[in-house]
Each structure stands twice: as C-alpha cells, then as structure tokens.
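Me: Please examine one part of this model closely, namely the packing between helices toward the C-terminal half, and set it in the context of the whole chain. A formal, connected account with the cut-offs stated would be appreciated.

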Amino acid sequence: MAESNVRTAKPKKPAARPESRLAMVRRARKINRELAEVYPYAHPELDFRNPFELLVATVLSAQTTDLRVNQTTPALFAKYPTPEDLAAAVPEEVEELIRPTGFFRAKTKSIMGLAAALRDDFGGEVPGRLDDLVKLPGVGRKTAFVVLGNAFGVPGITVDTHFMRLVRRWKWTEQEDPVKIEAEIATIFPRSEWTMLSHRVIFHGRRICHARKPACGACPIAPLCPAYGEGETDPEKARKLLKYEKGGYPGQRLNPPPDYPGIPASPLGAGA
C-alpha cells in the first residue's frame, strides 16, 4: 500500500474564552486596590484653596496641562479673588493673565461668565449640585465632578482623556462617549470609591500608562492588564519612560499636599 502524502494537520489551539462580566469586575476592583497602594497620595493636580478657585482652574485646564494652569492662577486669583471681582474685570486684562493656558479669549469669556452667574444666581458661592454646576458657562460634567468630588466631598467619576484611555485599555468598557463610560464604570465600583478611583486612574495614565509609549515593563498592574505589551516591556527601558515623581521629576502642583512624595513644580518663568 502506497504511503499517503497527506500531512496530518496540527490541532488548533482552543480559543480563549471571553472574560465574563463577573471576572472583569473582580479584575477591575483588584486593579483599583493595587493602584491605591501605588498612589496612596493621589489627589487633584490643580492648586486651589476654595471651590471657586478649583472651578476656575478646572475650566482653564482644558487643552493644556495642570502644571501650566497652576503656574498661571496665582496672579489671576491675587487680582480677582472672588466671583464678584472676576465678573467685574476688564476682559483684556483677564486674557493677558491667562494667556499661557491657551485659548485665552474663549476661556476668559467662560470664567467671567461663570463668575457673573455665581454672583447673580448663587450669592457669590459655588453650588454643590451637579444640575446647578453644569448650567454655568464652560462647565460640563467632567468639570462639575472635579469640583463636587474635591471641594464638596460628593462622589463622582471624572472621565478625562487619561481615564477614557485606560478604562478602555483595561477592557472595563468599550464605550467611547464620556457619559456612557461614566455610567458603565459607575456599575463596577461602589459610589464611595468614585472620586479616588478617578484620581488613581488619572495618576497612572500620566505617570506610567502613557498614550503613545506605555511603560509596561515598569507597571505594577501588568499581570492584570489585557493590553500588556502595547508599550515597552524591558524593565530598564520602561523605567526611563516614567514621569513626574515616578521618574524623579517635579509634579504638576506648585503647592502639593503634604504627603506628596515628589518635587513641587516651579512658578511660571522659573522652569518646570
């Protein structure tokens, strides 16, 4: 009998099972616990002394860094410490003060408009309700939750670009709309965790899990990350990608909290 020339096909490797909802939730919560150990000092990276300063600083932070805002706001708040002062300002003078943050004309219109609304509709006080905050000029849900969570202690999820990128990388959601992302993440974590979860995820996105070159080889949650390998996996090379205090560099705040382990940023014109 002639020997057959037909080769036996190698058995195919069984496809990995999709992660169940329960497994994803458990993994997500474990990531949050790990991040809490990595960043016990996580905090809002905008300098502020009261709700008004935080609200204005958050509006100014659009399309720029928190560092640039922190270097700009001392002069702004020295001249206009209250909503009443800012609402009565000369627009051109405000524009000049906030010019380093970019889009200074549109931002001047927003912060002077919200200052006037606070003066006229809220007795000069920043309201502590989401529905009121989002009615102010230049204030959306992201800004409102930053203010609510950090000035009023009201839990909220801050969906900025870092948060959006990481929760999608970690397969917590496939949504692309910030409001839908917020709603999905809110079902994974207890309400009491929302504000600190936001800080931890944003800290991790700024320091280790970067958009273009994530430092996978220096990432403490690498075993839990389905996107491991998208960035540099060599530990030595990855360590060189770390930013802010993780890389031994100044942070974004000129006046960070007492427990911040890094170097404070420098004032405008003094170098970063």
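Reply: The account below begins with the basis of the values and the overall architecture, then turns to the helix packing and to individual buried residues.

This is a predicted model, in which local features need pLDDT of at least 70 and side-chain atom pairs count only at pLDDT 80 or more, whereas totals for chains, interfaces and linings use all residues. Residues are numbered from 1 along each chain as its sequence is written, and side-chain values use heavy atoms, with hydrogens and water left out.

The protein has twelve helices and zero strands, where helices (H or I, at least four residues) and strands (E, at least two) are DSSP runs numbered from the N terminus. Its C-alpha trace spans about 100 × 40 × 35 Å along the principal axes. Of the 272 residues, 46% count as buried; buried means under 20% relative accessible area, exposed over 50%, and partly exposed in between, with a 1.4 Å probe and protein chains only. Contact means heavy atoms within 4.5 Å, and among contacts between residues at least 6 apart in sequence, 59% join residues at least 24 apart.

The part in question centres on helix α9 (residues 161-169) and helix α11 (residues 194-207), whose axes come within 8 Å and cross at roughly 85°. This makes α9 roughly perpendicular to α11. Axes are lines fitted to C-alpha atoms, for helices over the stretch in contact, and angles run from 0 to 180 degrees between N-to-C directions; under 35 degrees counts as roughly parallel, over 145 as roughly antiparallel, 65 to 115 as roughly perpendicular, and the rest as oblique. On the α9 side the contact is made by H162, F163, R165 and L166, and on the α11 side by L197, S198, V201, I202, H204, G205 and R206. By class, five of these residues are nonpolar, four polar and two charged. In this scheme Ala, Val, Leu, Ile, Met, Phe, Trp, Tyr, Cys and Pro are nonpolar, Asp, Glu, Lys and Arg are charged, and the others, Gly among them, are polar.

R206, one of the contact residues of α11, is buried, with a relative accessible area of 14%. Leaving aside neighbours within four places in sequence, R206 is in contact with E45, D66, H162, K243, Y244 and Q252.

Between these two helices in sequence comes helix α10 (residues 178-186), in which I181, E182 and I185 are buried. They cover an arc of only 100° around the axis, which puts them on the same side of α10; the arc is that of the directions from the helix axis to the C-beta atoms. In general, an α-helix has 3.6 residues a turn, so residues three or four places apart point the same way. The cover over the buried residues of α10 includes α8 (141-151), α9 and α11. At the N-terminal end of α10, D177 acts as a cap, with a side-chain oxygen 3.1 Å from the backbone nitrogen of V179.

Helix α8 also contains G149, which is buried at a relative accessible area of 14%. Not counting residues up to four places away in sequence, G149 touches V154 and T195.

A further buried residue is R27, with 11% relative accessibility, in helix α1 (residues 21-38). Beyond four places in sequence, R27 touches E19, W170, K171, W172, L224 and P226.

Notes: Polar contact = N/O pair within 3.5 Å; in protein donor to acceptor, adjacent residues only side chain to side chain.
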